[in-house]
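Fire up your viewer and keep the selection box handy. We'll go from the whole chain down to single residues, one stop at a time.

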Amino acid sequence: MTEIQRQIRALAAQKGALILSHFYQTMDIQAVADVVGDSFELARRARQAAQPIIVLCGVRFMAESAKLLNPDKTVLLPAPDAGCPMADMVAPEDVDALREKHPGAAVMCYVNSSAAVKAKSDVCCTSSSAVRIARALPQRDILFLPDQNLGAYVAAQVPEKNLILFDGYCPIHHAVRPADVLAARAAHPDARVVVHPECRPDVVALADFVGSTAELLAHVENSPPGGIFVVGTETGVVERLRQTAPDKTVYLLKAGFVCPNMKKTRLSDLLRALETGAEAVEVDATVAAGAQRALERMVAL
Ligand code: SF4
């Protein structure tokens, strides 16, 4: 551990702070976290946290979710300008318009969305829980937002439901094209290609395995030694696998598969957040109850 990492751990212990890090954070941030997980695991751990302070090393919607699930805690976002372009693609008014057009449909909202959009939804989901939740909903018609790619993946897995897709996307995963998969296969002919369902359907169709961040990690880590993998998601997952699965060879599907917002948190930001209590995330009281209900329903399902 470096000196600043030791300072962060000491201050977290002194102040009673739980440090949560997403898998897409840089490895030096992951190394000082109490928990490293995907958005579902981070939401679950935030909800259970007994510590007075939760520090969320990730992007804003994750910190908002932590605050909604455990509202009595102070939730700090060390990189306050870390947003999610996909979450910004859908507004609460879009949900109103869709409901009017499709009365009777359930509104299922990916957690990569603002609290105001969650408040207009019936249930939230993560990439690891989306298929299960779509199956569990009583309605046949489901308005899925904002990610058209995750929605298309769910629709394929749950053919008994009618998914109506919003046209949002993650710019990082959506940038991958079938030609990138074919090039990776040509470069690494013995590799299995594993991708995240935020990738386009024509990319997903070419993969050997599709799963959420946690599922991709588990798939590679639990495979027999000596395996070769091309990984189609954010580079943080590949960096982590090089540590947790050193008996495998892991390649990033495409150069530049990086979420700039996830890389905004620096150790100095984390230390400053613990020292000063900035920036504490608050959720507008007018939307908090509705967003809490949609998130709690996700956790329950
Ligand atoms: S990887 Fe995509 S969905 Fe995740 S935070 Fe970055 S922009 Fe948003």
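Here is the tour, with something to select at each stop.

**Before you click**

What you have open is a predicted model, in which local features need pLDDT of at least 70 and side-chain atom pairs count only at pLDDT 80 or more, while totals for chains, interfaces and linings use all residues. Residue numbers start from 1 along each chain as its sequence is written.

**Stop 1: the whole chain**

Show everything as a cartoon. You should find 15 helices and twelve strands; here helices (H or I, at least four residues) and strands (E, at least two) are DSSP runs numbered from the N terminus. The radius of gyration is 19 Å, close to the 19 Å from the globule rule for 301 residues, so the chain is as compact as a globular protein of that length. That radius is taken over C-alpha atoms, and the rule is 2.2 Å times the number of residues to the power 0.38. Along its principal axes, the C-alpha trace spans about 50 × 50 × 25 Å.

Now colour by burial. A residue is buried with 20 or more other C-beta atoms within 10 Å of its own, exposed with 12 or fewer, and partly exposed in between, with C-beta atoms placed from the backbone. On that count, 48% of the 301 residues are buried. As for contacts (C-beta atoms, placed from the backbone, within 7 Å), residues 24 or more positions apart make up 62% of those with a separation of 6 or more.

**Stop 2: the domains**

Colour 3-83 plus 262-282 as domain 1, 87-169 plus 290-300 as domain 2, and 177-252 as domain 3. These bounds come from an automatic or database domain assignment. The C-alpha centres of domain 1 and domain 3 are 27 Å apart. Between these two domains, nine residues of domain 1 are in contact with eight of domain 3. The domain 1 side of that contact has four nonpolar, three polar and two charged residues. In this scheme Ala, Val, Leu, Ile, Met, Phe, Trp, Tyr, Cys and Pro are nonpolar, Asp, Glu, Lys and Arg are charged, and the others, Gly among them, are polar.

**Stop 3: around the ligand**

Which residues are around the ligand? Select Val59, Cys84, Pro85, Met86, Asn112, Cys170, Pro171, Ile172, Glu234, Cys259, Asn261 and Met262. To be picked, a residue needs its C-beta atom, placed from the backbone, within 6 Å of the molecule. This shell splits into nine nonpolar, two polar and one charged.

**Stop 4: helix α3**

Select 39-48 and look down the axis. The buried residues of α3 are Ser39, Phe40, Leu42, Ala43 and Ala46. They cover an arc of only 165° around the axis, which puts them on the same side of α3; the arc is that of the directions from the helix axis to the C-beta atoms. Add the cover: it includes β1 (17-22), β2 (35-37), β3 (53-57), α4 (60-69) and α15 (285-300).

**Stop 5: strand β3, residue 53**

Isoleucine 53 lies in β3. It is partly exposed, with 19 other C-beta atoms within 10 Å. Leaving aside neighbours within four places in sequence, isoleucine 53 is in contact with Lys15, Gly16, Ala17, Lys73, Thr74 and Leu76. Draw a distance to leucine 274: 221 residues apart in sequence, yet 9.1 Å from C-alpha to C-alpha.

**Stop 6: helix α14**

Leucine 274 takes you to α14 (267-276), where the buried residues are Leu267, Asp269, Leu270, Ala273 and Leu274. Down the axis they fall within an arc of 165°, so they line one face of the helix. Ser268, Glu275 and Thr276 are exposed on the face turned away from that buried side. Among the elements covering the buried residues are α1 (3-15), β1 and β3.

Keep going past the helix end. Glycine 277 follows α14 and has a positive phi, near 80°. Most residues other than glycine have a negative phi, and most peptide bonds are trans. The bond from alanine 278 to glutamate 279 is cis, with omega near 0°.

**Stop 7: another cis bond, and a loop**

Leucine 145 and proline 146 are also joined by a cis peptide bond, with omega about -5°. Proline 146 sits in the loop between β7 (141-145) and α8 (148-157).

Finish at proline 224, in the loop between α12 (213-221) and β11 (228-232). Is it buried or exposed? With 7 C-beta neighbours inside 10 Å, proline 224 counts as exposed.
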